[in-house]
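Here is a walk through one protein chain, salt bridges to begin with and the packed interior after that. Have the model open as you read.

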Amino acid sequence: MPGAALDFTSMFYWLMKYVVIGPLVKGIFRPWIVGRNNVPASGAAILASNHLSFADSIFLPLVIDRRMSFLAKSDYFTGRGPKGWATKFFMKATGQLPIDRSGGKASEASLNTGLQVLGGGDLLGIYPEGTRSPDGKLYRGRTGIARMALEARVPVVPVIMVDTDTAMPIGQRLPRIVRVGIVIGEPLDFSRYAGMENDRYILRSVTDEIMVALQRLGEQHYEDVYASTVKDRLPSRVTQRS
């Protein structure tokens, strides 16, 4: 009964947002938001966010009125035992979609997963950097977001998360009680590149434009290198929960 499963997932999402987790998280962290009206009231769109903390995928959906889905790394869905099952259940029920970041055919499958969400007229959250920033800087974007935006022909809304890395640093299990913020910029229109989603130079250009919008919105220091490259240079204990 796929329809019944879908209805349960949707019901659980709204229950968690407005009854269980939402009021508690809002009461403790008192998230502030600027630019809420920049999120389209209807229709598909990509919300492109910087990525400072695991908590980003919790705070952003809480402050917007529409339901949204995030592409999350598949590791969160493959844990074993009670903790693994609970994590998998929570991620699925709150709109997280598993993706394999190993590249190749896995990247194509991830793209198709995102396009299915957008094809349904919904909001899709993406972290263009591909992984969490190890040090609070903004890093080079992956071009998958550009291909999705051009293929689905949807706007990209830049989003900046503020102080979520202070609330939930990499490697820390329990959050710190600090106020976090979300800044949402004006939608970016890439319709001028319609039909050019297979041109790698266009994809790079679109991705860089998105990253420039994020940098200007959040005024983060930008490094033109992939965050994953920086993480590979760090001790494993720093990156193991990234």
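## A buried arginine in H7

Arg204 is buried, since its relative accessible area of 16% falls under the 20% cut-off. This is a predicted model, so keep that in mind as you look at the side chains. Arg204 still has a charged partner: its side chain meets that of Asp208 in a salt bridge, at 3.1 Å from N to O. Asp208 is partly exposed, with 28% relative accessibility.

Both residues sit in helix H7, and because they are four residues apart there, about one helical turn separates them. That fits a general pattern: an α-helix has 3.6 residues a turn, so residues three or four places apart point the same way.

## Salt bridges that reach further

How many salt bridges does the structure hold? The count is five. Side chains of opposite charge can pair when their charged atoms come close.

One of the five joins Glu209 to Arg192, with 2.8 Å from N to O. Glu209 belongs to helix H7 (residues 200-218), while Arg192 is in the loop between strand S8 (181-184) and H7, so this bridge ties together parts that are 17 residues apart in sequence. Glu209 comes out as partly exposed at 28% relative accessibility, and Arg192 is also partly exposed, at 46%.

Another bridge pairs Asp224 with Arg140, whose closest N and O atoms are 3.1 Å apart. Here the link is between distant parts of the chain, 84 residues apart: Asp224 is in the loop between strand S9 (222-223) and helix H8 (227-232), and Arg140 is in the loop between strand S6 (138-139) and helix H5 (144-152). Asp224 is exposed, with a relative accessible area of 55%, whereas Arg140 is partly exposed at 22%.

## The nonpolar cores

Now for the interior. In soluble globular proteins, nonpolar side chains tend to be buried together. The largest nonpolar core in this chain has 31 residues, and the members that touch the most others are Ile46, Met148, Val156, Phe190, Val206 and Ile210. Several elements each put in at least two residues: S2, helix H4 (105-119), strand S5 (123-126), H5, strand S7 (156-162) and H7. H7 gives the largest share, with seven residues.

Val156 is a good place to zoom in. Leaving out residues up to four places away in sequence, Val156 touches Ile46, Ala48, Ile145, Ala149, Glu186, Pro187, Leu188, Phe190 and Ile210. There is also another core, apart from the one Val156 belongs to, made of 25 residues that include Phe29, Ala55, Ala167 and Met168.

## Ser49 and Asn50

Next up is a pair of polar neighbours. Ser49 is in strand S2, and Asn50 is in the loop between strand S2 (45-49) and helix H2 (56-63). Are these two buried or exposed? Asn50 counts as buried at 1% relative accessibility, and Ser49 is buried with a relative accessible area of 1%. Their side chains make a polar contact of 3.4 Å.

What does each one touch, apart from neighbours within four places in sequence? Ser49 is in contact with Ile126, Tyr127, Pro128, Val159, Met161 and Leu214. For Asn50 the list is Asp56, Tyr127, Glu129, Leu138, Val159, Ile160, Met161, Leu214 and Gln220. Asn50 also lies 8.8 Å from Gly218, C-alpha to C-alpha, although 168 residues separate them in sequence.

Asp56, one of the contacts of Asn50, is in H2, where it is buried along with Ser57, Phe59, Leu60, Pro61, Leu62 and Val63. H2 is mostly covered, with seven of its eight residues buried.

## The chain as a whole

Stepping back, the secondary structure comes to nine helices and nine strands. The chain has 242 residues, of which 44% count as buried. About 12400 Å² is exposed, and carbon and sulfur atoms supply 55% of that.

Long-range contacts, such as some of those described above, have a big part in the tally. Among contacts with a separation of 6 or more, 79% are between residues 24 or more positions apart.

Note on methods:
Residues numbered from 1 in each chain as written. Predicted model: local features only at pLDDT ≥ 70, side-chain atom pairs only at ≥ 80, totals over all residues. Heavy atoms only, no water. Buried < 20%, exposed > 50% of the residue type's maximum accessible area, 1.4 Å probe, protein only. Contact = heavy atoms within 4.5 Å. Polar contact = N/O pair within 3.5 Å; in protein donor to acceptor, adjacent residues only side chain to side chain. Salt bridge = Lys/Arg side-chain N within 4 Å of Asp/Glu carboxyl O. Areas by Shrake-Rupley, 256 points an atom, 1.4 Å probe, with all protein chains shown as cover. Core = buried A, V, L, I, M, F, W, Y, C linked by side-chain atoms within 4.5 Å.
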